[in-house]
Amino acid sequence: MAAELTINETTPVAKGVSIFDKGDELTCVALVLKGRVQVCSTGIMVTLGSGNFLGICDVQRGQHSFTYVAGDGVTIYPLPVNDISRVKLLIEGKAQYRGLLVTSQNFLIRDLNKSLNKLYKSVTELKDFLVSGYERYTKEALDSGLIPQDIPTLDRLAAESIDEIKRPAGLDYYLEAASVEVEAQRAYLGSKPVIAMRHYMEQCELFPALIDGCRIYGEWIFKLFRSLIMDEKNLFTYVTKTALDMKKAGQSVKEISSLVDEIIAQIDDTERVLIDVVGTDPKLNRSNMQALYMALLSDDVDAIVETPEQDLSMLSNSVDQILEYSGIEEEVGRKFKDALDGFMRLTDKFGRTKEAQVIRKGISEPFFVIYEAVVKKSFKDPNPPLAVKLFLTYGYVSEELLTEEDLKTLLSLPDIGAGDLDCHVYTMAEWLKEIYEGRKLPSKDEFDEDYQEHARKDFAKNKSAYDKMMADRDAKLHFEVDNLFRYADRLINGNISTFVPVLTSEGILTTLANAAVTGASINAAVRKVEKIDYSIFFREIRSSYEEVDLNIFTNVDRFTPDFILFPVCGGGCQMWQDIEGKQKTTHGRILMPTLAESDIDSMVLRMMAHYRWEKCRTEMGAQWNNYRYPSLTSEYTDYLQFYKKNSDLSAEKKEKIKSQLTQAGNRHRDVFTRDYTDWILREAAGAMRLNKVSRDILYTYCPISQEIAAGLITQTSYAEAAKRHIIEQKKVEKNIQNVMHKFTKNGFDVPPEIEKTMKFLLEA
């Protein structure tokens, strides 16, 4: 829940409400007049009180680095500061702000440095504990005649060094400045604009290194915590089970029980650090942990029962199972396995070293060849091996690349196709089968050319060869794998420079169970958007009805997009095409990962904005940006191109548009996407975030459903557009009623497509 801010007005904010969100565009800053505000980012959880400026450290960046959440009784004063020139005006024009502004920066720098020091201490102590605990466990197991278990992830983490983050130059000065008595700071820093401005500019240069350092240490703590307790092969489980085995054998467990107690204490301490300092709740499931510990404390040896483990033997030697199933050339398989072995040995699998890049390339190049061979064979195999199923759906290739916990989670993920699938959701294997069996046309390539255009280029003067290619199922499959899957897989993963197409625990930056994308979750997100933007999936169809002397009539029909899930974990998504081939009354194609690192609702909403834009471009053709032909894209293009001359926009609004264009790289669709997001999430709820011009365009071409519009019509900012929309709807409705009357008057049944059009308008 985000706060509604009014510039240059005292604004109370309820407890728990977000004032600014990390990653959001910086449109203003705020001075805390009363109360305390929690400042959060990865590895950062600090609190700022009255007299502190929120967001001022990110003005040059143009995007918030932190989320600011209000505590009890918070009152703020938003200020129209969104670029460095505004900061300068603030410092020069408001003497009372100079000292406050720079002093608040000093305190934030001090607090971030404290967090950095605390995290460094926590991560080094945790690593030392894990290494020494592992050694003690190994010794106790060997001394008791047992075989100690390997913990591969801990072996790898122990081999990596945790270097202390290099502090930025000038940090010591500002730490000392923060220790000076507050009034003395404000008096000196507020005395001259040039003093305040110089300090402010230097302070801003310190934040990126401090923020990045906290993030790196926070991620390290989480990785170590997984080896301590969360991974299936973790220190606590192995130590406790060894203690149980020793107890059953009648051996002394005093030393190893002491180690168990120390591990539990370390788990508790680290969990608190993750929640209170790092800002990440590991959502630790303590049930198995407690069962093991209570069994160890029990005096009844016969009552000690091993916790049941899921049988993962079916996944042994998965890569060999997959390669054998594929039937590809032995040399291709050997090179793929060699690259995989090299990848497993890498200390930093996603490093930017030349060695790592060569190894990742060695995996990526044959991966898609293997996938094509496997998926083609699977078309005729109703029950392929489990390893093959996971390979096709998630990009899984080896049990050695995933922790045992991740393997078990992978097997327990919900059915992707489950739920009310109004929008069809396909796994990559299911989609390629649609292409192979001719139910879908191959997708466009990265240059916006489809299969038919490629065939025409290759065989422009040879019709028989062209016809043969158009009927070649293998060629269509290869085209889809080579031009859609191979190219877009990297985009969907999101890590362009360090991309590798195989699933590995080290590449999963979220909890695997929470990352699963299903047809139900996608459709639920789509319905949230369509409930507001009711006409998003409707396309116009021109018809004629000679029996009632009606030459031209425009019906509408609904065509939802298809979602194609790529076998990859990532945070990217793509609106690939809004129609199939050249036929406008077809289903578009949206690409998403099967394992998403981002929020599904946010990803889908962004894709719906892109769909709206591309749908209009397709419908308008060459006139999509020609203002003489009114449409969503032409009016938005005109609005963004000539905003400086628009008398309906204040100077402040023009500055915001300029900032939006800069941040979007002057891509008009990206600016529209941000505005569309505000339109759906905030404007439809009555929270005004858009300017009058953009609001009117969106209300015209992305109209809100009548039920929601009726609630907004009383608000001045919405009244004009809402009334105009309702009047237009009534005119169209009356026209359709007249057409329907023509049919009944002449003794004909009303065509179903006209009834569907009428129903669409009535339910809008």
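Me: In which order do the 4 strands of the open sheet with mixed pairing stand?
Reply: This is a predicted model. In it, one open sheet is built from 4 strands, and its pairing is mixed. Its edge strands are β9 (425–427) and β13 (574–577), each pairing on one side only. The order is β9-β12-β14-β13.

Me: By how much are neighbouring strands of this sheet turned against each other on average?
Reply: Take the neighbours in the order β9-β12-β14-β13. Direction is ignored here. On average, the turn between neighbouring strands is 35°.

Me: Which residue in β12 is the bridge partner of Val-425?
Reply: Edge strand β9 covers 425–427. β9 pairs with strand β12 (residues 562–570) in the parallel sense, over 3 bridges. In β12, Val-425 has as its bridge partner Phe-563.

Me: Which helix lies across β12, β13 and β14?
Reply: The helix spans residues 473–493. It runs at about 60° to β12. This is helix α19.

Me: Which strands stand at the edges of the sheet β1-β8-β3-β6?
Reply: This open sheet has 4 strands, and the pairing is antiparallel. An edge strand has a single partner strand, so one of its sides is left without a neighbour in the sheet. The edges are β1 (11–13) and β6 (53–54).

Me: Which residue in β8 does Ala-30 stand opposite?
Reply: Strand β3 (residues 29–34) pairs with strand β8 (residues 74–79). They pair in the antiparallel sense, over 5 bridges. Opposite Ala-30, in β8, stands Pro-78.

Me: Which helix gives the most residues to the largest nonpolar core?
Reply: The largest nonpolar core has 118 residues. Among those touching the most other members are Phe-336, Tyr-371 and Tyr-676. The top helix gives 10 residues and spans residues 600–620: helix α22.

Me: How many residues are in the other core, which lies apart?
Reply: Nonpolar side chains tend to be buried together in soluble globular proteins. Here another core lies apart from the largest one. Its members include Phe-66, Ile-76, Phe-129 and Leu-284. The count is 75 residues.

Me: How is α25 oriented to α26: roughly parallel or roughly perpendicular?
Reply: Helix α25 (residues 668–681) packs on helix α26 (residues 692–701), with their axes 11 Å apart. The angle is about 75°. Angles of 65 to 115 degrees count as roughly perpendicular. So α25 to α26 is roughly perpendicular.

Me: Which residues in α26 do Phe-672, Asp-675, Tyr-676 and Trp-679 meet?
Reply: These four residues lie in α25. By class, the contact of α25 with α26 has 5 nonpolar, 1 polar and 2 charged residues. The partners in α26 are Ser-694, Arg-695, Leu-698 and Tyr-699.

Terms used. Residues are numbered from 1 along each chain as its sequence is written. This is a predicted model: local features need pLDDT of at least 70, side-chain atom pairs count only at pLDDT 80 or more; totals for chains, interfaces and linings use all residues. Side-chain values use heavy atoms; hydrogens and water are left out. Axes are lines fitted to C-alpha atoms, for helices over the stretch in contact, and angles run from 0 to 180 degrees between N-to-C directions. Helices (H or I, at least four residues) and strands (E, at least two) are DSSP runs, numbered from the N terminus. Angles under 35 degrees count as roughly parallel, over 145 as roughly antiparallel, 65 to 115 as roughly perpendicular and the rest as oblique. Contact means heavy atoms within 4.5 Å. Ala, Val, Leu, Ile, Met, Phe, Trp, Tyr, Cys and Pro count as nonpolar, Asp, Glu, Lys and Arg as charged, and the others, Gly among them, as polar. A nonpolar core is a set of buried Ala, Val, Leu, Ile, Met, Phe, Trp, Tyr and Cys residues joined through side-chain atoms within 4.5 Å. Buried means under 20% relative accessible area, exposed over 50%, partly exposed in between (1.4 Å probe, protein chains only). Two strands pair if DSSP finds at least two bridges between them.
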